[in-house]
Amino acid sequence: QVHLVESGGGLVQAGGSLRLSCAASGNIFSINAMGWYRQAPGKQRELVAAITSGDSTNYADSVKGRFSISRDNAKITVYLQMNSLKSEDTAIYYCNFRGTIQRGYVEVWGQGTQVTISS
């Protein structure tokens with residue numbers, strides 16, 4: 001199984017920055033992609049940013065130019081640097097893992113970390 005540990009959420013003023021981290025552990029054979037999704041109250045969960053094993057990245061239009069996703073292969077950790085935060089970035093942020101373990105392909109979600117932006 002894959003275990004995800006998220007950290008870095010919190011409360012910050014508009015215009016500020018936060019960095020989220022998500023560390024994966026377990027008997028991982030390969031990683032297809034890791035990323036971050038978010039869900040605001042009353043809204044559907046949406047992709048924020050993702051990075052593939054080939055370092056291709058994908059961002060939601062709403063965060064392009066403000067957020068940056070990166071990864072540390074040795075630590076099996078993905079980071080989301082969030083700058084110029086806005087009140088509309090307030091949400092629970094979920095780490096997402098897609099890859100292969102012994103029993104095959106899996107998709108795993110973290111438990112979520114709250115990000116709150118005060119105006």
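**View 1. Cys-95 is buried, with a relative accessible area of 0%.** The model shown in this and the following views is predicted. Cys-95 forms a disulfide with Cys-22, and the two sulfur atoms are 2.0 Å apart. Cys-22 lies in strand 3 (residues 18-26) and Cys-95 in strand 9 (residues 91-101), so the pair ties together parts of the chain that are 73 residues apart in sequence. The angle about the S-S bond is -85 degrees, and the link of Cys-22 and Cys-95 is left-handed. Cys-22 is likewise buried, with a relative accessible area of 0%. A search of the whole structure finds one disulfide. A disulfide is a covalent bond between the sulfur atoms of two cysteines.

**View 2. The chain as a whole contains zero helices and 11 strands.** Read along the sequence, the chain follows the pattern β-β-β-β-β-β-β-β-β-β-β. The C-alpha trace spans about 45 × 25 × 20 Å along its principal axes. How does the radius of gyration of the chain agree with that of a compact globule? For 119 residues, a compact globule would have a radius of gyration near 14 Å, and the chain has 14 Å, so the two agree. Of the 119 residues in the chain, 42% are buried.

**View 3. Four strands form an open sheet in the order 1-3-8-7.** The pairing in this sheet is antiparallel. Which strands stand at the edges, pairing on one side only? They are strand 1 (2-7) and strand 7 (67-72). On average, and with direction ignored, neighbouring strands of this sheet are turned by 15 degrees against each other. The edge strand 7 pairs with strand 8 (residues 77-82) in the antiparallel sense, over six bridges. Within this view, Arg-71 stands opposite Val-78 in strand 8. In a regular strand the side chains alternate between the two faces of the sheet.

**View 4. Strand 4 pairs with strand 9 in the antiparallel sense over 10 bridges.** In this region Ile-31 stands opposite Gly-99, which belongs to strand 9. Strand 9 (residues 91-101) also holds Cys-95, the disulfide partner shown in View 1. Strand 4 has a further antiparallel pairing, with strand 5 (residues 46-52), over six bridges.

**View 5. Strand 4 and strand 5 form a hairpin with six residues between the strands.** In this hairpin, Gly-42 takes a positive phi near 80 degrees. Gly-35 stands opposite Ala-50 in strand 5. The C-alpha atoms of Gly-35 and Ala-50 are separated by 3.8 Å, although these residues are 15 residues apart along the chain. Is Ala-50 buried or exposed? Its relative accessibility is 18%, so Ala-50 counts as buried, given that buried means under 20% relative accessible area. Glu-46 has its place in strand 5 as well. Glu-46 has a relative accessible area of 35% and is therefore partly exposed. The C-alpha atoms of Glu-46 and Gly-16, 30 residues apart along the chain, are separated by 22 Å.

**View 6. Tyr-37 and Trp-109 make an aromatic pair.** The count of aromatic pairs comes to one. How are the two rings arranged, with their centres 4.9 Å apart? Their planes stand at 70 degrees, so the pair is edge-to-face, as planes over 60 degrees apart count as edge-to-face. The pair links distant parts of the chain, with Tyr-37 in strand 4 (residues 28-39) and Trp-109 in strand 10 (residues 104-109), 72 residues apart. Tyr-37 has a relative accessible area of 15% and is buried, whereas Trp-109, at 35% relative accessibility, counts as partly exposed.

**View 7. Arg-45 lies over the face of Tyr-94 and over the face of Trp-109.** For Tyr-94, the distance of Arg-45 from the ring centre is 3.7 Å. For Trp-109, the distance of Arg-45 from the ring centre is 4.6 Å. Trp-109 is also the partner of Tyr-37 in the edge-to-face pair of View 6. Trp-109 thus appears in contacts with two residues described here, among them Arg-45.

Definitions and conventions
Residues numbered from 1 in each chain as written. Heavy atoms only, no water. Disulfide = S-S within 2.5 Å. Helix = DSSP H or I, 4+ residues; strand = E, 2+ residues; numbered from the N terminus. Buried < 20%, exposed > 50% of the residue type's maximum accessible area, 1.4 Å probe, protein only. Phe/Tyr/Trp six-rings, centres within 6.5 Å; stacked < 30°, edge-to-face > 60°. Lys NZ or Arg CZ within 6 Å of the ring centre and 35° of its normal. Pairing = 2+ DSSP bridges. Axes fitted to C-alpha atoms, helices over the stretch in contact; angles between N-to-C directions. Rg over C-alpha atoms; globule rule 2.2 N^0.38 Å.
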